[in-house]
Amino acid sequence: MNISHKASRTTALLAALMATVAAMACTSALVSADASATGRWMLWKHRDSGHKDNIVDRVEATDSTMAYVALFNAGDTRREEAWIGFNSAGFAVMNTASYNLAPDTAALKDREGFLMSRALGVCRTLEDFDSLLNALPRPLGVQANFGAVDASGNGAFFETHDNGFVRYNLSDAPDGMLLRTNFSFSGGPANRLGTERFDNERYIIDTITAKGKLAPWHFTETLSRSFRLPDGSDPLTRGRASMPDKGSCIARGNSTASVVIEGPLPGDTSGKGIVMWTAIGFPALSSVLPATIDSIPAPLKAASNGRSTQCDLANSLRAKATIKKGKQRGFNLDIIRKHIDACCGKALAEYGKRHPSAPKPHNKK
């Protein structure tokens, strides 16, 4: 093979990798009950995906599995791939794709959703999930940071590749929080994709916690609606008419959901007290609805067309707010400004029904 052919193949491989990253980048956090303003642990995932149509549904218990509620792709009619969810025992799990772990196998890959569905069906505790990862046959077919918490508040990130994982316990985090985007700390310093979003997430959370503790609305109403750039500027608040979508801010053109699973009060050892706050579709222009193990709001569930009406509404606003010029993508910030306050207001009204301490709808942040 000549050098020019090798170079072209390398370029093609890098382009394919970056396309995958663009489609599967996510931002996430685990928060302990002690670090939470509501006294409940939280597990958050801002999902970026090539699957823009998401739904929330309940998978019923069987003789060998527990019932669970999760976010699925609308096309997943058999509900086989969960992307964030919790079960009747109070165990919750989610993932972000990781791109600096050992390379996946060509024969088996992209199994993260299947693995999480399995975990939601059989895991009651964090140790159950650890045991599941150890027991599953290799290769696992995953490259991911799995965040998991059980009803007792035991939480961890499992940085997982085909042949194993490294576990980071929430109890070891000095500030009671663990954050991840699309790299794994165990993967070393190179190829840390998503570093700009990680730094943005850290900055915004530090700004919030300088005044108090984190609450679920901080994730959906502040982080998931954030267009803050790595240089510290915020085009949305500076009156700019538009901005390119380079993937360095948390809100991205391919963001498809922002979900905060809020655990039960301390002492509750079931999933009954869990609430899955869900902003489905384009999170920057969506509104939160609460799902529980026994109740999922109809707008989050699949309608007769197989899609969520709440997701369709947010995606219709995404279409208006997205600028496409050839391969270039960007945001119409005037459209986003036109709708974002109303979307945030609806969400805060929902939070206020369960949390009197939530900001009133006219207080955006």
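Leaving aside its neighbours within four places in sequence, which residues is Glu 350 in contact with? Keep that one in your heads for a moment, and I'll come back to it.

Hi everyone. What you have in front of you is a predicted model, so let's begin with how confident the predictor was. The mean pLDDT of the protein chain is 92, and 92% of its residues reach 70 or more. There's one stretch to watch, though: over residues 1-22, pLDDT stays under 50. For that stretch the model has nine contacts beyond four places in sequence. Where pLDDT is low, you shouldn't read the predicted coordinates in detail.

Okay, the overall picture. We've got seven helices and 16 strands in the protein chain. The radius of gyration comes out at 20 Å, close to the 21 Å that the globule rule gives for 365 residues, so the chain is as compact as a globular protein of that length. If you lay the C-alpha trace along its principal axes, it spans about 65 × 50 × 45 Å.

What about inside and outside? Of the 365 residues, 55% are buried. The chain exposes about 15500 Å², and carbon and sulfur atoms supply 54% of that. Now take the contacts with a separation of 6 or more: 63% of them are between residues 24 or more positions apart. And a quick word on charge: there are 44 positive and 35 negative charges, and their mean positions are 7 Å apart.

Right, back to Glu 350. You'll find this residue in helix α7, which covers residues 333-354. Is Glu 350 buried or exposed? Its relative accessibility is 17%, and the cut-off for buried is under 20%, so Glu 350 counts as buried. As for my opening question, the contacts of Glu 350 beyond those neighbours are Trp 277, Val 288, Leu 289 and Pro 290. Look at Ser 287 as well: Ser 287 and Glu 350 are 63 residues apart along the chain, yet their C-alpha atoms are separated by 8.8 Å.

Next, helix α2. How many of its eleven residues are buried? Eight, so this helix is mostly covered. Among the buried ones are Leu 115, Met 116 and Leu 120, but also Glu 112 and Ser 117. And what do the buried residues of α2 pack against? That would be the strands β4 (68-73), β5 (84-87), β6 and β7, plus the helix α3.

Stay in that neighbourhood and go to the loop between β6 (92-97) and α2 (112-122), where Asp 110 sits. Asp 110 isn't a glycine, but its phi is positive, about 55°. This residue is partly exposed, with a relative accessible area of 46%.

Asn 191 also has a positive phi of about 55° without being a glycine. Look for Asn 191 in the loop between β10 (177-180) and α4 (195-209). With a relative accessible area of 57%, Asn 191 is exposed.

One more backbone detail before I stop. Which two residues does a cis peptide bond join? Arg 138 and Pro 139, with omega at about -5°. Pro 139 belongs to the loop between α3 (126-135) and β7 (144-149). You may remember that α3 and β7 were both on the list of elements the buried residues of α2 pack against.

That's it from me. Thanks for listening!

Notes. Residues numbered from 1 in each chain as written. Predicted model: local features only at pLDDT ≥ 70, side-chain atom pairs only at ≥ 80, totals over all residues. Heavy atoms only, no water. Helix = DSSP H or I, 4+ residues; strand = E, 2+ residues; numbered from the N terminus. Rg over C-alpha atoms; globule rule 2.2 N^0.38 Å. Buried < 20%, exposed > 50% of the residue type's maximum accessible area, 1.4 Å probe, protein only. Contact = heavy atoms within 4.5 Å. Areas by Shrake-Rupley, 256 points an atom, 1.4 Å probe, with all protein chains shown as cover. Lys, Arg positive; Asp, Glu negative; His and termini not counted. Charge placed at Lys NZ, Arg CZ, Asp CG, Glu CD. pLDDT = per-residue confidence, 0-100.
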